[in-house]
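Me: Please take a close look at the aromatic cluster of this structure. I am new to it and would value a connected account of the rings involved and their surroundings.

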Amino acid sequence: QVQLMDSGGGSVQTGGSLRLSCAASEFTDGYTYGEYCVAWFHQAPGKTKEGVAAIWTGSESKYYVASRKGRVAISQDIAKNTLYLQMDSLKPDDTGIYYCAARRRGSRPCQPANPGEYNYWGQGTQVTVSS
């Protein structure tokens, strides 16, 4: 079991920036913080979740979906067991709920391709970008 708490959402105008946070705790499944793949997903109104970025917590290896490259940056503060998603040059299409999600490290690449691969989810944080 891993508890994830998302925060940092809000309302901004087009071109604005936000930094989302994902605080991880309660590692009761025998793994430590550095043994997870953590991803950020975006769910626009009326749509399914789409991946944004992912990071191996133990290696700092990062992955970004092509549509978000250059506008987002995923990072972490290991001392705080907290991950971040910096989002810049925001557009109205970026509006929606952002979730962080985690799964234990395994043989699959750490990419936000399939939400079904992730076992643990934050509650989500709302981002609204107005034109």
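Reply: The account below begins with the basis of the model and then follows the rings pair by pair. The model is predicted, and local features need pLDDT of at least 70, side-chain atom pairs count only at pLDDT 80 or more, and totals for chains, interfaces and linings use all residues. Residues are numbered from 1 along each chain as its sequence is written, and side-chain values use heavy atoms, with hydrogens and water left out.

Across the whole structure there are three aromatic pairs (rings of Phe, Tyr and Trp, the last by its six-membered ring, with centres within 6.5 Å; planes under 30 degrees apart are stacked, over 60 edge-to-face, the rest tilted). F41 and Y118 make an edge-to-face pair, with 5.4 Å from centre to centre and 75° between the planes. F41 belongs to strand 4 (residues 36-43) and Y118 to the loop between strand 9 (96-104) and strand 10 (120-121), so this pair ties together parts 77 residues apart in sequence (strands are DSSP runs of E, at least two residues, numbered from the N terminus). F41 is buried at 0% relative accessible area, and Y118 is likewise buried at 4% (buried is under 20%, exposed over 50%, partly exposed in between, with a 1.4 Å probe and protein chains only).

The ring centres of Y99 and W121 are 6.1 Å apart and their planes stand at 80°, so this pair is edge-to-face. It links distant parts of the chain, since Y99 lies in strand 9 and W121 in strand 10, 22 residues apart. Y99 is buried at 13%, whereas W121 is partly exposed at 28%. Together, F41, Y99, Y118 and W121 form one aromatic cluster.

Terms used: Helix = DSSP H or I, 4+ residues; strand = E, 2+ residues; numbered from the N terminus.
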